[in-house]
Amino acid sequence: GDAQCGKIREAIDLLSFEGEPISWERYGSGHINDTFRLVCRDGEKEHLYILQRINHEIFTDPVSLMRNIAGVTSFLREKIIAQGGDPYRETLNIVKSRDGKDYVTDSDGNYWRGYLFISGATCFDKVRNPDDFYQSGKAFGHFQRQLAEYPAEELTETIVNFHNTPVRLETFKKAVEEDVCGRAHLVEEEIKFVMDRADEAGAAMNMLKEGTLPLRVTHNDTKLNNIMIDDVTGEALCIIDLDTIMPGLSIFDFGDSIRFGANTADEDEPDVSLVSLSLPLYEIYTKGFLEGCQGSLTQAERDMLPMGAKLMTFECGVRFLTDFLQGDTYFRISRENHNLDRTRTQFALVADMEKKWADMEAIVCKY
Ligand code: ADP
Ligand code: MG
Ligand code: MG
């Protein structure tokens, strides 16, 4: 609206864009931030930018968030230059404020940032064919490899305990005990499913504590539309949407991608008999991911990849079930038992992975 228009103007004036701002329009299909494409003119030359209002309801600490992004992108920049790549297309580039900061605030207290616009590349909302899923695996594997030497402990955990499964389980147990909606008796089977796997769910975090798994930079939002695919080569060019980069485990990014990308059914499919792990899709992603990692994972990380897939699926199901028990306050629902259906698809997928475990491990060994 007009109010936001005034604020955009404020933000534009505070950021060090080159040339005169000519026009801006809403851009892309992201669901979190308000994203605009900005055109600036400097004589004959046009400069394109992305301008974003950071969603500070979801990201309550935009200053730390931008410090994370600035740290990771400047590290990537140096790496890409050393490798002879194109630092303007293969990573995000922050446009600084006129006073040298990585973001600006408007008079309403909104946080804004600018990025150079990456041209000649596209973000796709849906996987069009298995090659997209392969490219995605390769891109996120490459992201791991490029950031393997980054001091991950220096990143701020912008969403605390995001993939801390034991903490998620504690929240779940509390929800069962409190049973504020009187729904626990409806899901006894699902509660048992969780409790049967409670010990196993702590394995990865224990390995981190013991030093068996290294702390890594994780992206945490590995959707296809957070990857720019080069229009000419058809290959992944750049990983974007770095709002959720945090310290974590490499198996989180891998596992979550398998969870949403290799399921034969939708996440909220009411007919759980349609849910299964597609081994061909699992294999394609694993191949891409490990090729992208180029040997930068430790043996223990490789061994734990199937567990990463199971853990992310299990954890997601636990979160849906917790929300069902708490009265659907976190995940938006559009029908009765929506969160219960979501829980059941995740647990059906976990159960199918358990059946296919030997195949999942054998596929990791192949690459
Ligand atoms: P959200 O968190 O809302 O998903 P994103 O950072 O993913 O926000 O941006 C939304 C969309 O804007 C992306 O899917 C992509 O299409 C586009 N976009 C973001 N950054 C750039 C960029 N630097 N160059 C070109 N397009 C971009
Ligand atoms: Mg996005
Ligand atoms: Mg995002």
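1. Let's start with the area buried between the two domains. In this predicted model, domain 1 and domain 2 bury about 2000 Å² between them, and carbon and sulfur atoms give 62% of that. On the domain 1 side, the residues that lose the most area to domain 2 are N68, V72 and F75, which together make up 27% of what that side buries.

2. For orientation, domain 1 covers 2–119 and domain 2 covers 130–366. Their C-alpha centres are 29 Å apart. The contact draws on 23 residues from domain 1 and 22 residues from domain 2.

3. Now the polar side of this interface. How many salt bridges are there between domain 1 and domain 2? The count is three. If you want one to look at, try E149 with K79, where the closest N and O atoms are 3.2 Å apart. Polar contacts across the interface of domain 1 and domain 2 come to seven residue pairs, with both partners at pLDDT 80 or more.

4. Which element gives the most to the domain 1 side of the contact? That would be helix 2 (residues 62–82), with 12 residues touching domain 2. Sorted by class, the side of domain 1 that touches domain 2 has nine nonpolar, eight polar and six charged residues.

5. On to the ligand. Ligand 1 is surrounded by 19 residues, and the closest are I32, N33, Q52, I118 and D241. Two backbone contacts deserve a look: N33 puts a backbone N or O atom 2.9 Å from an oxygen atom of ligand 1, while a backbone N or O atom of I118 sits 2.9 Å from a nitrogen atom of the ligand. There is a side-chain contact to check as well, with a polar side-chain atom of N226 lying 3.1 Å from an oxygen atom of ligand 1.

6. Back to salt bridges, this time for the model as a whole: the count comes to 30. One of them joins the side chains of D196 and K192, at 2.9 Å from N to O. Why do these partners sit about one helical turn apart? Because D196 and K192 are four residues apart in helix 5 (residues 188–196).

7. If you only open a few views, I'd suggest helix 2 (residues 62–82) where domain 1 touches domain 2, the E149 and K79 salt bridge, and the surroundings of ligand 1, including N33 and I118.

Conventions
Residues numbered from 1 in each chain as written. Chains lettered and ligands numbered in written order. Predicted model: local features only at pLDDT ≥ 70, side-chain atom pairs only at ≥ 80, totals over all residues. Heavy atoms only, no water. Domains from an automatic or database assignment. Contact = heavy atoms within 4.5 Å. Buried area = accessible area lost by both parts, 1.4 Å probe. Salt bridge = Lys/Arg side-chain N within 4 Å of Asp/Glu carboxyl O. Polar contact = N/O pair within 3.5 Å; in protein donor to acceptor, adjacent residues only side chain to side chain. Helix = DSSP H or I, 4+ residues; strand = E, 2+ residues; numbered from the N terminus. Nonpolar A, V, L, I, M, F, W, Y, C, P; charged D, E, K, R; others polar. Near = heavy atom within 4 Å.
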